[in-house]
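Good morning, colleagues. Please look at the sequence and the structure on the screen, and I will then take you through the sheet, its helices and the core.

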Amino acid sequence: IRHVRDVRTTVKYQIATRGKTTTSKASFSNDVNKILNDPRGWRADGIAFTEVKSGGSMTIYLANAASMTSFSRQCSPTWSCRVGRNVAINQTRWKYSTKTWKAASGTTLTRYRHMVVNHEVGHWLGRGHSTCPGKGKKAPLMMQQSKGLNGCTANPWPLKSELNPPRFR
């Protein structure tokens with residue numbers, strides 16, 4: 001795979017689960033690794049990702065919806081979230097996406113999974129939310145696409161304008 005930028009930094013991460021999950025941890029781990037190292041994602045910003053068994057700087061959880069608030073009061077049983085070093089992917093969203101996503105043109109569950117992992121890891125990298133730049137334009141990855149597209153088209157990957165030197169927390 002040809003990458004836009006050479007690796008500038010490597011992020012070591014762990015995969016974990018929280019609460020009762022029905023998705024295989026191995027399957028989730030495999031999907032997350034492919035998403036994080038896809039040349040269309042944060043890898044285009046010179047960031048490589050390596051899964052480790054322990055000691056990583058980020059933990060990516062597949063979490064049962066009922067356990068989402070255990071990460072923080074700001075996390076909801078409805079959505080995925082990022083708190084400190086933890087990226088929490090809501091298993092309900094992982095398995096079904098959202099009504100908004102399903103109703104949009106050109107969307108699939110696979111593309112939703114790409115978007116939600118990239119979006120929440122984007123928060124871990126220090127990126128904040130953005131808004132739709134105009135009707136019919138690609139949604140910025142850091143727009144809350146799970147909740148609405150506001151005239152933009154669904155997009156699971158960072159736009160070129162969202163790529164810049166990482167700001168780790």
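**Strand pairing, packing and core**

Let me begin with one pair of residues: Thr59 stands opposite Asn86 in β5. Please keep in mind that this is a predicted model. The pair belongs to the ladder between β3, residues 58-63, and β5, in which 5 bridges join two parallel strands.

On its other flank we turn to β4, residues 81-83, which runs antiparallel to β5 and is joined to β5 by 3 bridges. In that pairing, Cys81 is set opposite Ala88 of β5. The hairpin of β4 and β5 has 2 residues between the strands, and Gly84 there adopts a positive phi, near 55°.

Is β5, residues 86-90, mostly covered or mostly uncovered? Mostly covered: 5 of its 5 residues are buried. In a regular strand, side chains alternate between the two faces of the sheet. For β5, Asn86, Ala88 and Asn90 lie on one side, Val87 and Ile89 lie on the other, and all of these are buried, so that both faces are covered.

Now the sheet as a whole. Its 5 strands form an open sheet with mixed pairing, in the order β2-β1-β3-β5-β4. The edges are taken by β2 and β4; each has a single partner strand, so one side of each lacks a neighbour in the sheet. From one strand to the next, the twist averages 30°. At the β2 end, β1 and β2 are parallel and pair over 5 bridges, and within this pairing Thr10 has Ala48 in β2 as its bridge partner.

Two helices pack on this sheet. The helix α1 touches β1, β2, β3 and β5, and its direction makes about 155° with that of β1. The helix α4 touches β1, β2, β3, β4 and β5, and its direction makes about 155° with that of β5.

Let us stay with α4 for a moment. What span should its 16 residues have? At 1.5 Å a residue the expected value is 22 Å, and the end C-alpha atoms are 23 Å apart, which agrees. The helix is mostly covered, with 13 of its 16 residues buried. One residue of α4, which comprises residues 109-124, is His123. His123 has a relative accessible area of 14%, and because the cut-off for burial is under 20%, His123 counts as buried. A polar atom of the His123 side chain lies 2.9 Å from the backbone oxygen of Arg127. After α4 comes Gly126, with a positive phi near 105°.

I close with the core. Nonpolar side chains tend to be buried together in soluble globular proteins. Here the largest nonpolar core has 35 residues, and those with the most contacts inside it are Trp42, Phe49, Met58, Ile60, Ile89, Val117 and Val121. At least two residues of this core come from each of β1 (9-18), α1 (25-36), β2 (47-51), β3, β5 and α4. Which element supplies the largest share? That is α4, with 6 residues.

Beyond its neighbours within four places in sequence, Met58 is in contact with residues including Val11, Tyr13, Phe49, Val87, Val121 and Trp124. Apart from this core lies another, of 8 residues, among them Ala16, Phe71, Cys81 and Ala88. The last two bring us back to the hairpin strands, since Cys81 stands opposite Ala88 in β5. Thank you for your attention.

Notes: Residues numbered from 1 in each chain as written. Predicted model: local features only at pLDDT ≥ 70, side-chain atom pairs only at ≥ 80, totals over all residues. Heavy atoms only, no water. Helix = DSSP H or I, 4+ residues; strand = E, 2+ residues; numbered from the N terminus. Buried < 20%, exposed > 50% of the residue type's maximum accessible area, 1.4 Å probe, protein only. Polar contact = N/O pair within 3.5 Å; in protein donor to acceptor, adjacent residues only side chain to side chain. Expected span 1.5 Å × (residues − 1). Pairing = 2+ DSSP bridges. Core = buried A, V, L, I, M, F, W, Y, C linked by side-chain atoms within 4.5 Å. Contact = heavy atoms within 4.5 Å. Axes fitted to C-alpha atoms, helices over the stretch in contact; angles between N-to-C directions.
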